[in-house]
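Here is a walk through one protein model, starting at an unusual peptide bond and ending with the hollows. Have a look at it first, then read on.

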Amino acid sequence: MQFVFDGHNDVLLRLWTHEREGGDPVAEFSNGTDTGHIDGPRAKKGGLAGGLCAIYVPSGDLVFADPDKNGHYVTRLAAPLEPLSSLKIATEMAAIALRLDRAGAWRLCRTVEEIRQAMSDQVFAAVMHMEGCEAIGADLAALEVFYAAGLRSLGPVWSRHNIFGHGVPFAFPMSPDTAPGLTDAGFALVRECNRLGIMIDLAHITEKGFWDVAKTTDQPLVTSHSNAHALTPVARNLTDKQLEAIRESKGLVGVNYATAMLRKDGRSDGDTPLSDMIRHIDYLVERVGIDCVSLGSDFDGATIPDEIGDAAGNQNLIAALKRAGYGGEDLEKLASGNWLRILGSAWGE
């Protein structure tokens, strides 16, 4: 079995949601469930050895637009979130991550060596990530607290605007150049992440924001769960110029399993062949090199191909990669090695 370290999932959102409905997050992850995509048993069955687990504050007003007669759609950006309620929700999700660690359901990792050890021990290696920083104020005091709790990766914005910058909408076809980039607070956030050793994720930011981070950060450029805009022109995917910058920085692209970001028609449809994923992987490898491509599933946050289904089906993608000619060291890099390299670089190891 080829073990996978994955660049993005929303399992904490699912566990938090179910806890509000009376569920037990530790029991749900440890014992397994028939909902969502990730839990301990399914991860082990599919060789999903760990990943970046997002703290994401949901937008209650987000309504995905239906495609028009041409298959085109533009979903209106969700409204900015209120800071105090965002901090409360983010703290509750971080607490779930810590409880899972304390119970031995997963291991919350802060270094690459801890990730490697957890994978060796066959314990899910979780890295705390924040997707959209609405819970962090401009004074960045909360960033210090979340860092102490284990936060080692963040995306300044999700697909909505906040005090740090601007996000891209869910839209097809559309350029990622949809709004301004970082604010003054956003530039300060990037500099503080560089100081602390927190990886910066560019998966949801506008193209201008991407370039603002590129000219400010001392880290390689990383998009944890995005694909090639040339193949699927949704606003969330990366242009060739952005891919060139990622290659030059020795950064990383995590291939998103979300079908809307894989298909030529931009539709969210589970009946999407794995050949669409291989098409994007081949293109990205050609553009940025085998050392700069990995996986960023978006498990528990997107419609994924039925041929994968959930974490238990992750080896179906591995099998498809082998059929496409990826093997040996190249396959290991795609599955986990590139993520461990980039995290070590961002964390100053």
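P173 sits in the loop between strand 7 (171-172) and helix 7. Helices here are DSSP runs of H or I with at least four residues, strands are runs of E with at least two, and both are numbered from the N terminus. The bond that joins F172 to P173 is a cis peptide bond, with omega at about -15°. Before going further: this is a predicted model, where local features need pLDDT of at least 70, side-chain atom pairs count only at pLDDT 80 or more, and totals for chains, interfaces and linings use all residues. Residues are numbered from 1 along each chain as its sequence is written, and side-chain values use heavy atoms, with hydrogens and water left out.

**Backbone oddities**

Most residues other than glycine have a negative phi, and most peptide bonds are trans. K250 has a positive phi, near 60°, and lies in the loop between helix 9 and strand 10 (252-255). D298 also has a positive phi, near 65°, and its place is the loop between strand 11 and helix 11. Are these two buried or exposed? Buried means under 20% relative accessible area, exposed means over 50%, and partly exposed is in between (1.4 Å probe, protein chains only). K250 has 56%, so it is exposed, while D298 has 8% and therefore counts as buried.

A glycine belongs in this tour too: G325 follows helix 11 and has a positive phi, near 105°.

**Two helices and their neighbours**

Helix 11 (residues 314-323) has N314, Q315, L317, I318, A320 and L321 buried. Those buried residues pack against strand 1 (4-9), strand 2, helix 10 (274-288), strand 11 (293-295) and helix 12 (328-346), where contact means heavy atoms within 4.5 Å. In helix 8 (residues 207-216), the buried residues are E207, G209, F210, D212 and V213. Their packing partners are helix 7 (184-196), strand 8 (199-200), strand 9 (222-223) and helix 9 (240-248).

**Rings**

How many aromatic pairs does a search of the whole structure find? There are nine. Rings of Phe, Tyr and Trp (its six-membered ring) pair if their centres lie within 6.5 Å; planes under 30 degrees apart count as stacked, over 60 as edge-to-face and the rest as tilted. F29 and F124 have ring centres 5.7 Å apart and planes at 75°, so they are edge-to-face. F29 is in helix 2 and F124 in the loop between helix 5 (112-120) and strand 5 (125-131), so to speak a link across distant parts of the chain, 95 residues apart. F29 and F124 are both buried. F124 also pairs with W106, and this pair is stacked, with 5.9 Å from centre to centre and 20° between the planes. W106 lies in the loop between helix 4 (83-103) and strand 4 (107-108), and F124 in the loop between helix 5 and strand 5, so the pair ties together parts that are 18 residues apart in sequence. W106 has 1% relative accessibility and therefore counts as buried.

Elsewhere, Y56, F64, W158 and F170 form one aromatic cluster. Charges meet rings as well: a charge sits over a ring if NZ of Lys or CZ of Arg is within 6 Å of the ring centre and within 35 degrees of the ring normal. The charged end of R152 is placed this way over Y147, 3.7 Å from the ring centre, and that of K241 over W211, 5.5 Å from the ring centre.

**Hollows**

Rolling a probe the size of a water molecule over the atoms shows where empty space is left. On a 1 Å grid over the protein atoms alone, a cavity is a set of points where a 1.4 Å probe fits but cannot get out; a pocket is an open set with protein on both sides within 12 Å along at least five of seven lines, and lining residues have an atom within 4 Å of a point. Grid points are joined across faces, edges and corners, and a volume is the space filled by probe spheres set on the points.

| Hollow | Volume | Lining by class |
|---|---|---|
| Largest pocket | about 700 Å³ | 17 nonpolar, 11 polar, seven charged residues |
| Second largest pocket | about 250 Å³ | nine nonpolar, four polar, one charged residues |
| Largest cavity | about 50 Å³ | seven nonpolar, two polar, one charged residues |

In these classes, Ala, Val, Leu, Ile, Met, Phe, Trp, Tyr, Cys and Pro count as nonpolar, Asp, Glu, Lys and Arg as charged, and the others, Gly among them, as polar.

The largest pocket has 35 lining residues, and F64, F170, S268, G301 and A302 lie nearest its centre. Helix 1 (residues 11-20) gives the largest share of that lining, three residues. Around the second largest pocket there are 14 lining residues, with G40, K44, Q122, V123 and F124 nearest its centre. Helix 3 supplies the largest share there, three residues. The lining of the largest cavity includes F210 and L238.
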